[in-house]
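User: Please take a close look at how the interior of this model is packed. Keep the sentences short, and set that part against its surroundings.

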Amino acid sequence: MIVQLFHKPKCFFMALAVLLFSLSCNNIVFAHKVVVFAYSSGAEIVVEGSFGGKRPAQKSQVSVFSDATGDLLLEGETDSKGLFRFSKPEKEGSLKVLLKSGQGHQAEWLLTKDLVQPVQNSSNTNNEKGQSTVTSHVQQAGSKHLAIDEHELSTLINQAVAKEIEPLKHMLHQQLNKGPGIIEIIGGIGWLFGIAGIAVYLKNRK
Amino acid sequence: MHISEGALSLPILAGSGAFVALGTALGLKRLDYDKIMTVALLSSAFFVASLIHVPVGPVSMHLMLNGLLGVILGFGAVPAIAVALILQALLFQFGGLTVLGVNAFIMAAPAVIVYLLFGSMIRAGGKKGLIGGFLGGSLAVLLSALFMAVSLVSSDESFVKTAQLLVTIHVPIMFIEGLITMFSVSFLARVQPDLLGSVSPSPAA
């Protein structure tokens, strides 16, 4: 049977050309699946949707559910960069983020409790307090020695860390979004011919 | 053109799954095993075609080639498409295994329909064959878009709106696929004419 394939070299080369062409377009966009990724950034949660590393899922419907109860907490739409931001809910618990980009494309992302929680505590409760302590420190600044209380320090650290980490999270999202590589493509073609080979073998054994 | 997991209701999944199982059985039964490498070759072409994107204004669409598979393989296109979609789901995470039936239906049913409509025209060859090839390739895309809109009715999107959108964005692809199918068919008619009549239900094997 394989010999028969080589009797059709033109066919074979045509397929090969199609394959090579597709591999040469490595930066093409994959609209087959939409990917959603959510992460906490300070007091907010950022939802990022895209169809591929570089193409954002614009104006896609985002729904946020409580993972424990399944209740719909809030809804929104992504902006032109495929981003949707919302402030962290007051109740603790894991969140399920569902993004629908239309035509049957949808994706989910689970934000676990520990990812939602710690930053929220300090930033939410300390915003007002932080303001007042800063002013009181400024008033005492005559002594040159600036004392910072523990709450304020943790808020500042959380904010700084969140700011530093956000690009990393963004990169992680792009990594998740990579389309199929050459290994998967060639592997898939190998599978197809392998299956055909087995079918012929089974048929001929009879 | 791949519906994601969790987007559709159970009856649609079950119904389309049953069609694909039946079509695959029929396709395998009618398959001339001497031509199995042709099936594998076209299945590979379909498998890779989804990765070739054609930018159409703001959106980019990919080739489908289901019309080409249909006019050449007839019912054999159903197993060819089903296997390629299984591999796309497993290797690329396109679609998913639970929605495999729907995705296969959207692609394979038009393939069989264009085979039944234009198969005889294409086997006739000449100008008739060219026209049949073009119509087969483009109609398969149009039917796929319509079937997709139908299968999405059960989700929250309205049919008319979805159908309009899907058909509109697929018009350029219809044209391109029509040309591809037309040239492939005329090419095969010259170099491998037996391929075109090969997997047909006519008592050849």
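Analyst: A residue counts as buried if 20 or more other C-beta atoms lie within 10 Å of its own C-beta. With 12 or fewer it is exposed, and in between it is partly exposed. Keep in mind that this is a predicted model.

Start with chain B. Of its 205 residues, 58% are buried. Chain B has eight helices and two strands. From the N terminus, its elements run α-α-β-β-α-α-α-α-α-α. Now look at the contacts in chain B between residues with a separation of 6 or more. Residues 24 or more positions apart account for 76% of them.

Next, the core itself. The largest nonpolar core holds 78 residues. The residues with the most contacts inside this core are B:Phe46, B:Leu69, B:Ala77, B:Ala80, B:Ile81, B:Ala108 and B:Ala111. Which elements give two or more residues to the core? From chain B they are α1, α2, α3, α4, α5, α6 and α7, and from chain A there is α5. The largest share, 15 residues, comes from α5(B). There is a general background to this: in soluble globular proteins, nonpolar side chains tend to be buried together.

Zoom in on B:Phe46. B:Phe46 belongs to helix α2(B), which covers residues 36-49. How many of the residues of α2(B) are buried? The count is 14 of 14, so this helix is mostly covered. Its length can be checked too. At 1.5 Å a residue, the 14 residues should span 20 Å, and the end C-alpha atoms are indeed 20 Å apart.

What does B:Phe46 touch, leaving out residues up to four places away in sequence? The list is B:Leu65, B:Asn66, B:Leu69, B:Ala80, B:Ile81 and B:Ala84. Take B:Leu65 from that list. B:Leu65 sits in the loop between β2 and α3 of chain B. B:Leu65 is not a glycine, yet its phi is positive, at about 65°. Is B:Leu65 buried or exposed? It is buried, because 29 other C-beta atoms lie within 10 Å of its own.

Now follow two helices that build the core. α4(B) and α5(B) pack with their axes 9 Å apart, at an angle of about 150°. The crossing of these two helices is right-handed. On the α4(B) side, the contact residues are B:Ala77, B:Val78, B:Ile81, B:Ala82, B:Leu85, B:Ile86 and B:Ala89. On the α5(B) side, they are B:Leu100, B:Asn103, B:Ala104, B:Met107, B:Ala108, B:Ala111 and B:Val112. Look at the spacing of the numbers. An α-helix has 3.6 residues a turn, so residues three or four places apart point the same way.

The helix from chain A deserves its own look. α5(A) covers residues 182-205 and has 24 residues. From first C-alpha to last, α5(A) reaches 34 Å, close to the 34 Å expected. Buried residues in α5(A) are A:Ile185, A:Gly188, A:Ile189, A:Trp191, A:Leu192 and A:Ala196.

For contrast, turn to the rest of chain A. Buried residues make up 27% of its 206 residues. Chain A has five helices and eight strands. Apart from the largest core lies another, of 18 residues, among them A:Tyr39, A:Phe51, A:Leu95 and A:Val97.

A:Val97 leads us to a sheet. In β7(A), A:Val97 is the bridge partner of A:Val64. On the other side, in β5(A), the bridge partner of A:Val64 is A:Leu74. The open sheet has four antiparallel strands in the order β5-β4-β7-β8 of chain A. Its twist averages 15° from one strand to the next. β4(A) is joined to β7(A) by six bridges, and to β5(A) by five. Why does one side of β5(A) and of β8(A) lack a neighbour in the sheet? Both stand at the edges, so each has a single partner strand. β5(A) has six residues and the number buried is zero, so this strand lies largely in the open.

Notes
Residues are numbered from 1 along each chain as its sequence is written. Chains are lettered from A and ligands numbered from 1 in the order in which they are written. This is a predicted model: local features need pLDDT of at least 70, side-chain atom pairs count only at pLDDT 80 or more; totals for chains, interfaces and linings use all residues. The expected span of a helix is 1.5 Å times one less than its number of residues. A nonpolar core is a set of buried Ala, Val, Leu, Ile, Met, Phe, Trp, Tyr and Cys residues joined through C-beta atoms within 7 Å. Two residues are in contact if their C-beta atoms, placed from the backbone, lie within 7 Å. Two strands pair if DSSP finds at least two bridges between them. Axes are lines fitted to C-alpha atoms, for helices over the stretch in contact, and angles run from 0 to 180 degrees between N-to-C directions. A crossing is left-handed if the near helix is turned anticlockwise from the far one by less than a right angle, and right-handed if clockwise.
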